[in-house]
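Trainee: Could you walk me through this one, since I have not looked at it before?

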Amino acid sequence: MDKLQKALKATFGYDEFRPLQREIMEANLAGRDTFALLPTGGGKSLCFQLPALLREGLTLVVSPLIALMKDQVNQLEAAGVEATFLNSSLGVKETKARLAGLHQGRYRLLYAAPERLMLDHWQENLRAWNVSAIAIDEAHCISEWGHDFRPEYRQIAKLREWLPNIPLMALTATATERVRKDIIKHLRLREPEVFVASFNRPNLSYRVIPKEQPTKQILDFIKSRPMDSGIVYCATRASSDRLAESLSERGFPAVPYHAGLTNNERAQNQELFIRDETRIVCATIAFGMGINKPNVRWVIHHDLPKNIEGYYQETGRAGRDGLPGDCLLLFSAGDAAKQTHFIDEMTDAHEQQIAREQLRLMIGYADCPTCRRRELLHYFAEPYTEPSCASCDNCLQPRESYNATTHAQKLLSCVYRVRQGGRFGVGMNHLIEILTGSANEKIQRWGHDQLSTYGIGKDLARPQWSAIGRDLLRLGFLAQDAGQFPTIALTDLGLEALKSRRVIMLSKPVELKKIRVPRTGEIECDETLFDRLRKLRKRLADERSVPAYVIFGDNTLRQMAREYPTNTDALRMIGGMGEKKLAEFGSVFTNEVAAYLRTYPKVNFSEHSE
């Protein structure tokens, strides 16, 4: 074994690297700047943690969230690595103690927020502490085109001036080509080695269903998963609070998480979740970035996300341990209209333009009748050539097509009539008002109640017309301007279809049928023993005031519940069993397995059941 492989096994208990991890570490140890794009659950943190153990000096990790720092330091300490963080959650006494430890060279890794690095004396501190490598986590925060832009990240470039000869590593889980170039430019990376892993998360399933009775739909979903942890993302603080209360009243304890809570309330609710005291968090997008809870089994979007990058990042919080994760999006045209209204209220025209384009792509994803995995990967410019992913609703239950020529002709004709004679264009909602014969003030003021298409679409409800309109946009019969007031226009294809009366086939709306999704990545095991080991892990974690996954992840416990290790040598073969954890917890878990086998027989699992 080489040094990297030995350190991986001895410290973290794994035999194999995940894709690109080794290459990233080798480039970093060779002193080169690196840009690493690995999907959530792809093992980003290890890319700077393991090299820190093999080089002299301190590795500085720039991180945006207090929770992330605390979480990673907990896990490093559990693995026997000297690491610390400095942030506003510490008192004066504790901060001084950690600063003293840094001056004494006690730590291998230091986590700090970007704004702290710019405080007085930090330039001198960083030089005095023998910083030998810098890692910028969540690096997309530096780009205004990223889904989570943070102005304070722009200051990080000063580190390049202060420590000019130190290798710099930028890491992110989600970034388009434009964002990647932005990161490299603003961080002043010097001829960086660029590593881009696949965005495909094969263990995640994706579903989108019409949003009808959201609380009931969410309850139906989680009733079949009573032991699993999950996150429900909501658009507003009020809906986070309401949903958490509704779920709790119905016997599924849930806590809210949003910026309207006090710092203490947020910290307490987050702690309840990561320690498995509550299994459900109803959160705004303020929650989750950097929460390294590997056993989140599902993510629900109660409302339409603003953009695909945010959606990808949020769904990526399910199944970080490689075990199955389910992702469900509740979609309604009303949510799209709300998001459009928020965009209309923006004062910066440039930001407005970005937000409109991002929302258009998100609606396209929610509406698409094709493979959702392919749609997601296409957004990140990654081809997906499989005919079916076999784990999204559209692949498992392909949408039927129907002859929509008559209704398509009505909508295309309405666009044509509105634009005819030099009239100004209107948006999709206004077109639907004309078709359904609305008597609102704008219709009458603009004379649209005099058009030949006025009221010819009363046979369909407005949501049905919205779906037809989105399909015609997606297929290129209509186009939407990207201006402040997006108006609809006929394309050449749409005009030709209107004149020739060609047949137009559209996709039927999805039906609410139950789909059984194959659970890719499942580790078949003795579920009774797994539950027993999980309870033991919880007790040990509570005694140490750390989250359960800091002791062992679910995949490690499931392997134990499959292999039945009753001695140290057998336990050493289980993934995630580093030397420190083996010494500290080995006998406790082997004794528990042995005690279980005195009452229950072993279950034989076939070689191919995984």
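Mentor: We can take the sheet, then the aromatic rings, then some helices and single residues.

Trainee: What kind of model is this, and how are residues numbered?

Mentor: This is a predicted model, in which local features need pLDDT of at least 70 and side-chain atom pairs count only at pLDDT 80 or more, while totals for chains, interfaces and linings use all residues. Residues are numbered from 1 along each chain as its sequence is written, and side-chain values use heavy atoms, with hydrogens and water left out.

Trainee: OK, the sheet then: in what order do the seven strands come, and is the pairing parallel or antiparallel?

Mentor: The order is β3-β4-β2-β5-β6-β1-β7 in an open sheet, and the pairing is parallel. Strands here are DSSP runs of E with at least two residues, helices are runs of H or I with at least four, and both are numbered from the N terminus; two strands pair if DSSP finds at least two bridges between them.

Trainee: And which are the edge strands?

Mentor: They are β3 (83-86) and β7 (193-196), each of which pairs on one side only. From one strand to the next the twist averages 20°, with axes fitted as lines to C-alpha atoms (for helices over the stretch in contact) and angles taken between N-to-C directions from 0 to 180 degrees.

Trainee: How many bridges join β1 to β6?

Mentor: There are four between β1 (residues 34-37) and β6 (residues 168-172), and these two strands run parallel. To pick out one residue of the pairing, Leu37 has Thr172 in β6 as its bridge partner.

Trainee: Which strands does helix α5 touch?

Mentor: Helix α5 (residues 92-103) packs on the sheet and touches β2 (58-62), β3 and β4, with its direction at about 130° to that of β3; contact means heavy atoms within 4.5 Å. Helix α9 (residues 177-186) lies across β1, β6 and β7, and its run makes about 150° with β1.

Trainee: Changing topic, how many aromatic pairs are there?

Mentor: The count comes to 11 aromatic pairs, where rings of Phe, Tyr and Trp (its six-membered ring) pair if their centres lie within 6.5 Å, and planes under 30 degrees apart count as stacked, over 60 as edge-to-face and the rest as tilted. One of them joins Phe48 and Tyr111, which are edge-to-face at 6.4 Å centre to centre with 65° between the planes. Because Phe48 lies in helix α3 (residues 46-54) and Tyr111 in strand β4 (residues 109-112), this pair ties together parts that are 63 residues apart in sequence.

Trainee: Are Phe48 and Tyr111 buried or exposed?

Mentor: Both Phe48 and Tyr111 are buried, a word that means under 20% relative accessible area, with exposed being over 50% and partly exposed in between (1.4 Å probe, protein chains only). Another pair is Tyr379 with Phe380, edge-to-face at 5.0 Å centre to centre and 90° between the planes. Phe380 has a relative accessible area of 4%, so it counts as buried, and together Phe199, Tyr312, Tyr379 and Phe380 form one aromatic cluster.

Trainee: What about α18, how far apart are its end C-alpha atoms?

Mentor: They are 21 Å apart in helix α18 (residues 405-419), which agrees with the 21 Å that its 15 residues should span at 1.5 Å a residue; the expected span is 1.5 Å times one less than the number of residues. Its buried residues, among them His407, Leu411, Cys414 and Val418, pack against elements including β14 (401-403), α19 (428-435) and α21 (462-474).

Trainee: And Thr590, where is Thr590 found?

Mentor: Thr590 is in helix α27 (residues 579-597), and its relative accessible area of 7% makes it buried. Leaving aside neighbours within four places in sequence, Thr590 contacts Pro565, Thr566, Asn567 and Leu571.

Trainee: How far apart are Cys395 and Cys371?

Mentor: Cys395 and Cys371 are 24 residues apart in sequence, and 5.7 Å apart in space from C-alpha to C-alpha. Cys395 belongs to helix α17 (residues 393-396) and is buried, with a relative accessible area of 18%. Not counting residues up to four places away in sequence, Cys395 touches Cys371, Ser388, Cys389 and Ala390.

Trainee: Last one, where is Gln155 found?

Mentor: Gln155 is in the loop between β5 (131-136) and α8 (158-162), and at 29% relative accessibility Gln155 counts as partly exposed. Its C-alpha atom is separated by 44 Å from that of Asn394, 239 residues apart along the chain.
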